[in-house]
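Student: Please take me through one part of this structure up close. I would like to see how two packed helices are described.

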Amino acid sequence: MQFTFQAPGKVVFGRDTARQLPDHGARRGRAPLVVTGASPDRHGALLDALRAAGLAVTVYPVAGEPGVDTAVAGARLAREAGCDLVLGLGGGGALDTAKAVAALATNREDVFTYLEVVGAGRPLTARPLPLFAAPTTAGTGAEATANAVLTVPEARVKVSLRSPMLLPELALVDPLLSASMPPAVTAATGLDALTQLLEAFVSVKANPMTDALCREGLRRAARALPAAYADGADLAAREAMALASLLGGMALANAKLGAVHGFAAPLGGLFDAPHGQVCASLLPFVTAANIRALRARDPRSPALAAYAEAAALVTGAPSAAPEDAATWLAATCRRLDAPSLAALGVTRADIPTVVEKAARASSMQGNPVALTETELAGILEAALGA
């Protein structure tokens, strides 16, 4: 047995822990760039608290999911403002932007020098600016991952800027920050967290440490996600989902992902659809296809046992079969009104392009079985809906 495990330098978890950010920031820098979502006023009290702690705050709001230009502009702003710390305060897009900005502020080659798939994929040579991450959604786990996902419009794809140095020094997870998410966002982000936990659990790169994280996360998310969707004020459910998201981020950073995220990379670049919604559209169909392919080509695969264990965790039935995981996921996605791919603008004419791009995505390398182009196309056909 041999594996490595990487995680944020420090994790602070709990309700109302966001009030600790000014103290942590003041111990690490004097001039933070605070990357937020499109509406920084939502965090007015926290921004005022950072300023009251003597910090010269520069705010960088980011609308939607970031592109390469967003990251480059943020790095330029950080240098011009003399920032010595980057704080991501928002959803996955804000946290990915913060990580990319921290990297590009000190690594000044063209951004494509460092990007995977569409760039040279070269390692960072200079240490990024110190980085803190405080998520306001419960889904991506970006506070615990070593990559920043960016859209490349000219290539119509999402790719990663990846380095162990992008693991935040501090991941501060306050479930109260996610309590204001509306039901649709709760569903999309929560199904992304569930996807990441399941994909890491069955990944070819899974190890005993990531398995432990995924077991705990799957068990919590299966019960908490429907509860948080039904009642956003259910703080116990919000807390459980915040923890499940964190555990999923830590797991995927070490065990990789799979075909859902392999598809999500090109779909996110081709269509203006939130990442979580794309994952929700695909999750039951990828799961079913993986199980069929494993049964046909590798019936002794440990991934089948992992799917069976995941099924038992989410259904509560100790004797659950792998297929029960796909059935439960399909029912849960319907319960949470997850969209079909057709509802996100995908058509049958897009399938060949998506399959071609997905086959090259880095996440496909973690899938528990190599899916054929026919199987990949079949997943998209099924996910399009009636």
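Tutor: Buried residues (under 20% relative accessible area, with a 1.4 Å probe and protein chains only) make up 58% of the 386 residues in the protein. This is a predicted model, where local features need pLDDT of at least 70, side-chain atom pairs count only at pLDDT 80 or more, and totals for chains, interfaces and linings use all residues. Residues are numbered from 1 along each chain as its sequence is written, and side-chain values use heavy atoms, without hydrogens or water.

The protein has 13 helices and eight strands. These are DSSP runs numbered from the N terminus: helices are H or I with at least four residues, strands E with at least two.

Now the close look. Two packed helices are described by the angle between their axes and the distance between the axes. Helix α6 covers residues 208–230, and helix α10 covers residues 302–315. They pack at an angle of about 40°, with their axes 8 Å apart. Axes here are lines fitted to C-alpha atoms over the stretch in contact, and angles run from 0 to 180 degrees between N-to-C directions. α6 and α10 are therefore oblique to each other; angles under 35 degrees count as roughly parallel, over 145 as roughly antiparallel, 65 to 115 as roughly perpendicular and the rest as oblique.

Which residues meet? From α6 come Arg215, Leu218, Arg219, Ala222 and Arg223. From α10 come Glu309, Ala310, Leu313 and Val314. Contact means heavy atoms within 4.5 Å. The residues of this contact divide into five nonpolar (Ala, Val, Leu, Ile, Met, Phe, Trp, Tyr, Cys and Pro), four charged (Asp, Glu, Lys and Arg) and no polar (the others, Gly among them).

Note on methods. Buried < 20%, exposed > 50% of the residue type's maximum accessible area, 1.4 Å probe, protein only.
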